[in-house]
Amino acid sequence: MSDELLIVRCQLGERDAFSELVHRWHGTVERYVRRMLAGPDDDVVQEVWLAVFKGLPKLRRPERFPPWLFTIARRAVTNRLRDAYGQPAAEPDASEEPSGPGEVDALADREVLADALGALPVREREVLLLFYLEDLPLEVCAQICSVPVGTVKSRLNRARRLLRDELTRKEYEA
């Protein structure tokens, strides 16, 4: 069943359709929020789904659901970042220990990449995540970020350069 049909069913009040929609997109929203905030945040994810639930009856073009969903997620992340700005950084959680040498290397690679992504400015990090990790086309990224496609392209170029510089600075070798 397509997303468009699910959305129309949601707008008609079918609860099962909304559950299916959440099931289908929850991982994507969770991943976007985690990467933008450099850690999981269930409150922000729930805030996104609450806004989707409230706003879904007003969505006139169901085919535009993905950019609409990311716009809501972006707004929630921006609000969280704004709230967190100026507060002291939290200490990393040391309770998760890797179990094997391969897992240690993979964890180290992910940690280096996550740190490098976290060091990027929010705008550049966002377009990298939307374009490369969520595999969204440039036009959709532009709609989500409310900027022209050319701006998304320039942010992508700048983000790639900044990420490469950050990884080089950390002497990361793949």
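This is a short walk through the helix packing and a few single residues of one protein chain.

First, the ground rules. This is a predicted model, where local features need pLDDT of at least 70, side-chain atom pairs count only at pLDDT 80 or more, and totals for chains, interfaces and linings use all residues. Residues are numbered from 1 along each chain as its sequence is written, and side-chain values use heavy atoms, with hydrogens and water left out.

Confidence, then. pLDDT is the predictor's confidence in each residue, from 0 to 100. The protein chain averages 85. A score of at least 70 is reached by 84% of the residues. Helix H5, residues 101-119, has the lowest confidence, with a mean of 72. Helix H3, residues 42-55, has the highest, at 94.

Now the overall picture. The protein chain has eight helices and zero strands. Both are DSSP runs, numbered from the N terminus: helices are H or I with at least four residues, strands are E with at least two. Along the sequence the pattern reads α-α-α-α-α-α-α-α. Of the 174 residues, 36% are buried. Buried means under 20% relative accessible area, exposed means over 50%, and partly exposed is in between, with a 1.4 Å probe and protein chains only. Take the contacts with a separation of 6 or more: 61% of them join residues 24 or more positions apart. Contact here means heavy atoms within 4.5 Å.

On to the packing. Two packed helices are described by the angle between their axes and the distance between the axes. Axes are lines fitted to C-alpha atoms, for helices over the stretch in contact, and angles run from 0 to 180 degrees between N-to-C directions. Under 35 degrees counts as roughly parallel, over 145 as roughly antiparallel, 65 to 115 as roughly perpendicular, and the rest as oblique.

Start with H2, residues 15-37, and H6. Their axes come within 10 Å and cross at roughly 150°. H2 and H6 are therefore roughly antiparallel. The crossing of H2 and H6 is right-handed. A crossing is right-handed if the near helix is turned clockwise from the far one by less than a right angle, and left-handed if anticlockwise. Who meets whom? From H2 come Tyr32, Arg35 and Met36. From H6 come Val122, Arg125, Glu126, Leu129, Leu130 and Leu133. By class, the contact of H2 with H6 has six nonpolar, no polar and three charged residues. Ala, Val, Leu, Ile, Met, Phe, Trp, Tyr, Cys and Pro count as nonpolar, Asp, Glu, Lys and Arg as charged, and the others, Gly among them, as polar.

Next, H6 against H7. H6 is residues 122-133 and H7 is residues 138-145. The axes come within 10 Å and cross at roughly 140°. This pair is therefore oblique. H6 passes H7 in a right-handed crossing. On the H6 side, Glu126, Val127, Leu130 and Phe131 make the contact. On the H7 side, Leu138, Cys141, Ile144 and Cys145 do. That contact has seven nonpolar, no polar and one charged residues.

Third pair: H7 and H8, the latter residues 149-169. They pack at an angle of about 100°, with axes 8 Å apart. H7 and H8 are therefore roughly perpendicular. Leu138, Glu139, Cys141, Ala142 and Cys145 in H7 meet Val149, Val152, Lys153, Arg155 and Leu156 in H8. The classes here are seven nonpolar, no polar and three charged.

Now two buried residues. Cys145 sits in H7. Its relative accessible area is 4%, so it is buried. Leaving out residues up to four places away in sequence, Cys145 touches Arg74, Glu126, Val127, Leu130 and Arg155. The C-alpha atoms of Cys145 and Arg74 are separated by 8.1 Å, with their positions 71 residues apart along the chain.

Leu69 is in H4, residues 65-84. At 1% relative accessibility, Leu69 is buried. With the same sequence neighbours left out, Leu69 touches Trp25, Val29, Val48, Trp49 and Val52. Leu69 and Val29 are 40 residues apart along the chain, and their C-alpha atoms are separated by 8.3 Å.

Last, the loops. Most residues other than glycine have a negative phi. Asp135 has a positive phi, near 60°. Asp135 lies in the loop between H6 and H7. It is exposed, at 65% relative accessible area. Ser146 also has a positive phi, near 60°. Ser146 is in the loop between H7 and H8. Its relative accessible area is 61%, so Ser146 is exposed.
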